[in-house]
Amino acid sequence: MVPAQYYLVLSAAIFCIGVFGLLTRRNALLFLMSVELMLNAANVNLVAFSLYWGNVTGQTFSLFTMALAAAEVAVGIGIILVLYRNFKDVDVTEATTMRW
Amino acid sequence: MAAPLQAEAPTWTALAPALALVVTGLVLIVVDSIDPDDGSPALLAGVGTAGALASLGLAGWLLAGGTGQPDTGGAIALYGDALVVDGMTLFFQALFASVTALVVVASYDYLYDREYQAEFYSLVLFAATGMALMAAANSLSVAFVSLELASLPSYALVSYLKRDTGSVEAGLKYFLVGALSSAVFAFGISLVYAATGSLLLADVYETLAGGANGLTGVAGVGIVMVAGGFAFKTASVPFHFWAPEAYEGAPAPVSAFLSSASKAAGFALAFRVFVTGFPLGAGIDWVLLFQVLAVVTMTLGNFAAATQEEVKRMLAYSSIGHAGYALIGLAAFTTADGGNVLGASMAHLMVYGFMNTGAFLFVALAERWGIGRTFEDYAGLADRAPLACVAMTVFMFSLAGLPPFGGFFSKYFLFAGAVEAGFWWLAAVGAVNSALSLFYYSRVVKALWLEDATAEFELGPTPTALYAAVVFAAVATVLLLPGFGAVIETAQAAATAVLP
Amino acid sequence: MSDAGSRPRLKLGGHLVPGLAAVALFAVLAAVFLRASFGEAAGFEEGASITASIGYAMFNVDTGAVSGAVVPAEGFVVAFVLIAVVLDVAIDGAVFLAKRDEGEGGGGVLADGGREIRDRLRGGDD
Amino acid sequence: MAGLFDYTPAVVLLPFLSFLIAVGVAISGRDLLPKGGAVPGIAATAGSFLLSVALAVAVAGGEVYNETVYAWAGGAVPGTEGLELTFGVLIDPLSALMLVIVTLVALLVHVFSLGYMNDEGETGLPRYYAGLGLFTASMLGFVVADNLLMAFVFFELVGLCSYLLIGFHFREPGPPSAAKKAFLVTRFGDYFFLVGVVAVLATFGTGQFAGPESFPVFAEEALHGEHAVNTFLGLGEETWFTVVGLLVLGGVIGKSAQFPLQTWLPDAMEGPTPVSALIHAATMVAAGVYLVARMYGFYAVSPTALGVIALVGGFTALFAGTMGIVKRELKQVLAYSTISQYGYMMLALGAGGYVAATFHLLTHAFFKALLFLGAGSVIIAMHHNENMWDMGGLKGRMPVTYYSFLAGSLALAGIFPFAGFWSKDEILYETLVHGLGGQPLLLVGYVFGLLAVPVTAFYTFRMVFLTFHGDARTEQASSPEPVGWNVKGPLAVLGVLAAGAGVVNLAPVRVLTGAHVDFLHGWLDAGFAELTVHHYEEIDPYSSAYIGGEATTVLVGAAVSLGLALLGLALAYKLYAVPTPTEHTAKLGSVRDLLYDNYYQDEYQVFLARRVVLPLARAADTFDRSVVDGAVDATSSVSLFSGSRIRRIQTGVVSNYAALLTLGLTVLLVLFGVLGGWLL
């Protein structure tokens, strides 16, 4: 059986790849995808430790995170759409009328 | 005395305040599908207000009847311990319902002649539902889902003015930081699950208190990340970056809603999760964590607020500062002290709910009238709208914590509680920050009353509902002066009952 | 957006520099996780149906009355009902945001087969 | 008489009512009331005055009153059993006396305002009278407060009102900044006070002034080991009480304009003159000294706190006096004299002279109100020119003002037998005998106080001579504007009081003849047992010693102080009681063939004014402006500067936010990982 450490390091890696993506990409859609990666890192943990602890709480909850990710994307796409209509771009660093 | 009605009803009725909100939200969608062109905005606002007031009435009734409180058999756990209804739940639900009612009433005038009003009201009510459930969550799964239920409508509400670049930009930033934060929150939950094998707060507490079997580090990272999720919701440093822009760009009633109710919801959940879910001394000293967050948050918020030129943005930063004050509830928490500091923090959030909502609604009034956003633009407004300016003065002085207003008592109890718990330096930092805050709050008062108008105001007709909401919030802020005894007693009793 | 010259740009100096924060975060997480010690995994009972167990968990079914091996879990019915509302709200919000106001100019974005968006995407993505 | 005491809150509420009426009128924006709202104010303060007199009569009959009126929070402060935060009323001889003083001065100031504000055609009168009403109400609420927290609340209200009134002419450049300065500097002291209030509540679980459950009693019992209290920071009980006492003293020093927080007071002269009279004589500045007297039982158990009070007071008395010598404006001289006189009161309190301090508070209220109103009268006559070098010769043209002003000046200078002589002499006497009784520190205070006597007399009579004597130096001074009854009336009343108020406590006469004529002493020795003079004398750390017997000491002390006062007066007479004092000094140094004594006078003046006093005053002024003001200003500019830095992290670029957020999270993880032992 694969040691539990591996899953944790794997999920940390996925999480940090997601973080890396949203720190270095300006495109709003890629930003969304990066967030999806981070949520999926959580799912890796949930499923892996479901087996470790011998209950399906984690597996069940991972379904909920997926559903929530879908809901978040729906709202996110809506906001990105109005962003595009107003700024004619989906670059997240374009919208800087408010600062300081 | 016969058993009160509350004790005889089936236990699920304890969720009535949240149910009232969600049903109202659904009714609004139905009304919209019958009349898609928003033909009668008064009907929509009326339904929304009625729902919020019904929720407030139910919460107050249950609270008064002792539902879920120690003298009637303690907290009511529902649906496999996923939800819990106790004094703290009802206290916060009453707070959310009050703010929702004020915001809905005020929005009637603010949304005058705009499209998509049914969507607006239903989103507000759904967000309020999410908050009400955050106050009742007893499991990390419900915590996460209800937090999202409160957040998703908020993102859309901030971007409500779809053709206004400020509103859209605010929505974008709020959404992006929010998505990042909820991912961090979810990852934190997964780590807590990894360390304990459960999502129920009571189980988590038990496992962590019994030593985490070599998984202390995993639990520690999880707890810090969960704290990050709450820090986002409460606009605490370093998860606060969305707040200045979101509050500034959003329609002012939405700013009021987010900065009062949404913030309080974050605290309600944080209080519950940390006090009943994470034992002190298991893996991480979260009291110290919140001390760091509290000091940094109040200092950053107040210092940045002091140098703003726009009233709304100043209020946004001041709202960050107040998150820092409320964090004292967790930062000065000790088991020996009982629920005193926690209760003081809850009472502060209650007072804050009224005074801060009122202040943002005054800004809404100014936006409705089309006068500018800076301090100078507000100059001399007292000549034209004396009553509203009296109300605004009350809010400002109360926010600053001057003696004759509700804000003084709540801050006083908060700081006194911190001193009593042995954290006098927290109180000292808070007092210094309050002193600084007086400077920028009084700038508003000075502009309103003492300075001459830079240009002629053309205010147009008085927006009655908005005006009424502002005045009502002011009356409530003043009434919390004599009524503060009852509020603090309820809050501290509720907080004491939460302790594991 | 007054002057393009004074607009704050993401100061990258090599646009991957902020990514170092993610690397640092990974280093910290990995350090913690590698120091953790784990016991033997409990595993699932032989012959238990995971799918069925998830179904029972989702609706708080009393598993004592169910025949066959069941993996235990806590009840998720509240979360289930809530997620229904969340999805409802998300649709509500997304549709409202996506709706085109009457008289809004600049049409054709959706009618050009997505070409304009695609160009934007390529341009926006450095 | 219990029925009468039930009406005590009305003393406070009447002026508050007048405030509400005036606010109503101000908001309506119309001229609803005759005299711009003065009439309700006069009626209210007159009512309060009558009620106060009735209360004083009842107190004289041996009645006292200490009742909680309203409990607004109870049992909720963590960790203490049953602490209640209340509003209550405490009427004892001290507060009854203070009520009479405050209401009388407030009434006279209201009447005088008719002449000073209404007849001068000022605008915004409802706002002015609203301010006066609230100011009076706040001070009265402070006086009757039965606990420290309530006292603090009203103390702050007093500060707020002073801000509103000093800044009354807010369209001119000076008053708003003066108002801000007054507010900020006194607030600076009040922060210490606030911490002190919290400390008292946390230490004793009560803020009550009187009764067996009061904090001074607890403090006394704690030192005898009869009562347990919470102390903090690991300090012993006496040290901790000293710390708490000094914290509260911070508020006193701010409000009573003691060194080093006195800087706001001279600037506060930008306010209308009747307001200055009210501030200086009976309300704001008096509040600080009254607070120390009110909780004197608490200070009396701490020798260190008493020593600090005495030294601060003595030093302030001399320091402010020297600055008063070189000022050109009438009201500026009075401002420095106020600081100096309150220094005397603090000296008395620190030296165990509780009666003497109260006595001086009483006499000073009368003669300082008189001097300010007299100055107001002169200012009306001079069309709001305050420069004394533009006056001269007003004596014959405004006799009522002159003679009442003269009475006030004689009292201020401490000339026998005017009121100020008796009270100042008693302060110096108490300081001397307690100093001789083994407290060398008090002897230092005594020397300060003694040196301030001739200085006081000098600047006072320099002012009198420059203003009223000699030839008129400007056209305006030769044909001054006449003033009305509403100006002369208050002056006459106060003139009589300034001359004769000394009879209430002729302590030296008692010592010499044995006749019981120290009525004030007897008055303050009645009432609650723990608030009486002999109780304070029992618990304070002082004992007395004499120079060859009590009577001798009294006579020597009185002779020395009177002699020094006369010396100062004579010097002023020599220099300024001449027809044209300006020309006299202008010839200085260039004309060598003047008479010898004139030459000597000029040299002396040059030496005194240019070489000693002016540099001293300048140094003091510089110290004021650079160090004290600088510290206050620096705090605010540092705050604003760091604020403008902090806001820069909000760059507006959401990617930067995400980066900072990630970094913040990483830092927190590292910090708590190391602390929790699961990282590294």
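How many salt bridges does the rule find across the interface of chain C and chain A? I began my notebook with this question, working from a predicted model, and the answer I wrote down is zero.

**Entry 1, chains C and A.** I next looked up how the two chains meet, and found 55 residues of chain C in contact with 51 residues of chain A. For the area, I noted that chain C and chain A bury about 4,900 Å² between them, and that 71% of this buried area lies on carbon and sulfur atoms.

**Entry 2, chains A and D.** I then turned to the contact of chain A with chain D, to which chain A gives 11 residues and chain D gives 11 residues. The area that chain A and chain D bury between them came out at about 950 Å², with 64% of it on carbon and sulfur atoms. I looked for salt bridges across the interface of chain A and chain D as well, and the rule finds zero.

**Entry 3, a helix pair in chain D.** Within chain D I followed helix H5, residues 125-144, and helix H6, residues 148-166, whose axes come within 8 Å and cross at roughly 160 degrees. Because angles over 145 degrees count as roughly antiparallel, I entered H5(D) and H6(D) as roughly antiparallel to each other. I also noted that the crossing of H5(D) and H6(D) is left-handed. Among the residues of H5(D) that take part in the contact I listed D:Tyr128, D:Leu132, D:Phe135 and D:Phe142, and the residues of H6(D) that they and others meet include D:Phe154, D:Phe155, D:Val158 and D:Leu165. Sorted by class, the contact of H5(D) with H6(D) has 14 nonpolar residues, four polar residues and no charged ones.

**Entry 4, a helix pair in chain B.** In chain B I looked up helix H14, residues 340-369, and helix H18, residues 464-479, and found that their axes come within 9 Å and cross at roughly 155 degrees. H14(B) and H18(B) are therefore roughly antiparallel to each other, and H14(B) passes H18(B) in a left-handed crossing. On the side of H14(B) the contact includes B:Phe354, B:Gly358, B:Phe362, B:Arg368 and B:Trp369, while on the side of H18(B) I noted B:Leu466, B:Tyr467, B:Val470 and B:Thr477 among the residues met. The residues of this contact of H14(B) with H18(B) divide into 13 nonpolar, two polar and one charged.

Conventions. Residues are numbered from 1 along each chain as its sequence is written. Chains are lettered from A and ligands numbered from 1 in the order in which they are written. This is a predicted model: local features need pLDDT of at least 70, side-chain atom pairs count only at pLDDT 80 or more; totals for chains, interfaces and linings use all residues. Side-chain values use heavy atoms; hydrogens and water are left out. Axes are lines fitted to C-alpha atoms, for helices over the stretch in contact, and angles run from 0 to 180 degrees between N-to-C directions. Helices (H or I, at least four residues) and strands (E, at least two) are DSSP runs, numbered from the N terminus. Angles under 35 degrees count as roughly parallel, over 145 as roughly antiparallel, 65 to 115 as roughly perpendicular and the rest as oblique. A crossing is left-handed if the near helix is turned anticlockwise from the far one by less than a right angle, and right-handed if clockwise. Contact means heavy atoms within 4.5 Å. Ala, Val, Leu, Ile, Met, Phe, Trp, Tyr, Cys and Pro count as nonpolar, Asp, Glu, Lys and Arg as charged, and the others, Gly among them, as polar. Buried area is the accessible area (1.4 Å probe) that two parts lose on being put together, summed over both. A salt bridge is a side-chain nitrogen of Lys or Arg within 4 Å of a carboxyl oxygen of Asp or Glu.
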